[in-house]
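Work through the exercises below with the coordinates open. Each task is followed by a stepwise solution.

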Amino acid sequence: QVQLVESGGGMVQAGDSLRLSCAASGRTFTMGWFRQAPGKEREFVVAVTGSGVTYYADDPVKGRFTISRDNAKNTVYLQLNSLKPEDTAVYYCAAGLTGSYYLPRSYDYWGQGTQVTVSS
């Protein structure tokens, strides 16, 4: 069992940046970030393997969001730059990949989420 704790969300203006963190209670391999806006399905943002290979969703996040990880700290980071109002969502990290990295159902463990709100 792995516990995940996200932090770093907040309320910002369009164009601002945020850095989200996801601390795991133990060693993890592939980890993903997803987001869910009100009334919408949870969508894939980015994933990173244990060796640092990254997979980003296509537009609109590619080029603005950057994932990184510190295996010594069992922590994954998501740098959000040039934020837009449409980026407003609860951001979740996930671990325990059992299938396709871009599908929520492929992950066994989830954090509680951190809210990101971007105003225009």
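**Exercise 1. Place Ser120 and classify its exposure.**

Solution. The model is a predicted one.
- Step 1: locate the residue. Ser120 sits in the segment after β11.
- Step 2: take its relative accessible area, which is 79%. The cut-off for exposed is over 50%, so Ser120 is exposed.
- Step 3: list its contacts, leaving out neighbours within four places in sequence. Ser120 then touches Gln13, Ala14 and Pro85.
- Step 4: check one long separation in sequence. Arg19 is 101 residues from Ser120 along the chain, and their C-alpha atoms are 19 Å apart.

**Exercise 2. Describe the overall fold and decide how compact the protein is.**

Solution.
- Step 1: count elements. There are 11 strands and zero helices. From the N terminus the order is therefore β-β-β-β-β-β-β-β-β-β-β, and the radius of gyration is 13 Å, close to the 14 Å from the globule rule for 120 residues, so the protein is as compact as a globular protein of that length.
- Step 2: box the C-alpha atoms along the principal axes. The box is roughly 40 × 25 × 25 Å.
- Step 3: look at burial and surface. Of the 120 residues, 42% are buried. The exposed area is about 6300 Å², with carbon and sulfur atoms supplying 47% of it.
- Step 4: examine contact range. Take contacts between residues at least 6 apart in sequence; 54% of them join residues at least 24 apart.

**Exercise 3. Find the largest nonpolar core and trace the strands that build it.**

Solution.
- Step 1: recall the background. Nonpolar side chains tend to be buried together in soluble globular proteins.
- Step 2: size the core. The largest one holds 32 residues. Leu4, Trp33, Phe65, Leu78, Leu80 and Tyr91 have the most contacts inside it.
- Step 3: map it onto elements. Two or more residues come from each of β3 (18–24), β4 (31–36), β5 (43–48), β7 (65–70), β8 (75–80), β9 (89–97) and β11 (114–119).
- Step 4: inspect one hub. Beyond four places in sequence, the contacts of Tyr91 include Trp33, Phe65 and Leu78. Glu6, Arg35 and Thr114 are also among them.

**Exercise 4. Which residues form the aromatic cluster, and over which rings does Arg42 lie?**

Solution.
- Step 1: search the whole structure for aromatic pairs. Eight are found.
- Step 2: collect the cluster. Its members are Phe34, Phe44, Tyr55, Tyr92, Tyr101, Tyr102, Tyr107 and Trp110.
- Step 3: add the charge. Arg42 lies over the face of Tyr92, 3.7 Å from the ring centre. Arg42 also lies over the face of Trp110, at 4.8 Å from that ring centre.

**Exercise 5. Is Thr66 buried, partly exposed or exposed?**

Solution.
- Step 1: locate Thr66 in strand β7.
- Step 2: read its relative accessibility, 40%. Thr66 therefore counts as partly exposed.
- Step 3: list contacts beyond four places in sequence: Tyr56, Tyr77, Leu78 and Gln79.
- Step 4: compare sequence and space. Val45 is 21 residues from Thr66 and 9.9 Å away, C-alpha to C-alpha.

**Exercise 6. Locate Asn74 and Ser82 and give the sign of phi for each.**

Solution.
- Step 1: Asn74 lies in the loop between β7 and β8. Its phi is positive, about 50 degrees, although Asn74 is not a glycine.
- Step 2: Ser82 lies in the loop between β8 and β9. Its phi is near 50 degrees, again a positive value in a residue other than glycine.
- Step 3: check exposure. Asn74 is partly exposed at 24% relative accessible area, and Ser82 is partly exposed at 41%.

Technical notes: Residues are numbered from 1 along each chain as its sequence is written. This is a predicted model: local features need pLDDT of at least 70, side-chain atom pairs count only at pLDDT 80 or more; totals for chains, interfaces and linings use all residues. Side-chain values use heavy atoms; hydrogens and water are left out. A nonpolar core is a set of buried Ala, Val, Leu, Ile, Met, Phe, Trp, Tyr and Cys residues joined through side-chain atoms within 4.5 Å. Buried means under 20% relative accessible area, exposed over 50%, partly exposed in between (1.4 Å probe, protein chains only). Helices (H or I, at least four residues) and strands (E, at least two) are DSSP runs, numbered from the N terminus. Contact means heavy atoms within 4.5 Å. Rings of Phe, Tyr and Trp (its six-membered ring) pair if their centres lie within 6.5 Å; planes under 30 degrees apart count as stacked, over 60 as edge-to-face and the rest as tilted. A charge sits over a ring if NZ of Lys or CZ of Arg is within 6 Å of the ring centre and within 35 degrees of the ring normal. The radius of gyration is taken over C-alpha atoms; the globule rule is 2.2 Å times the number of residues to the power 0.38. Accessible areas come from the Shrake-Rupley method with a 1.4 Å probe; for residues, only the protein chains shown count as cover.
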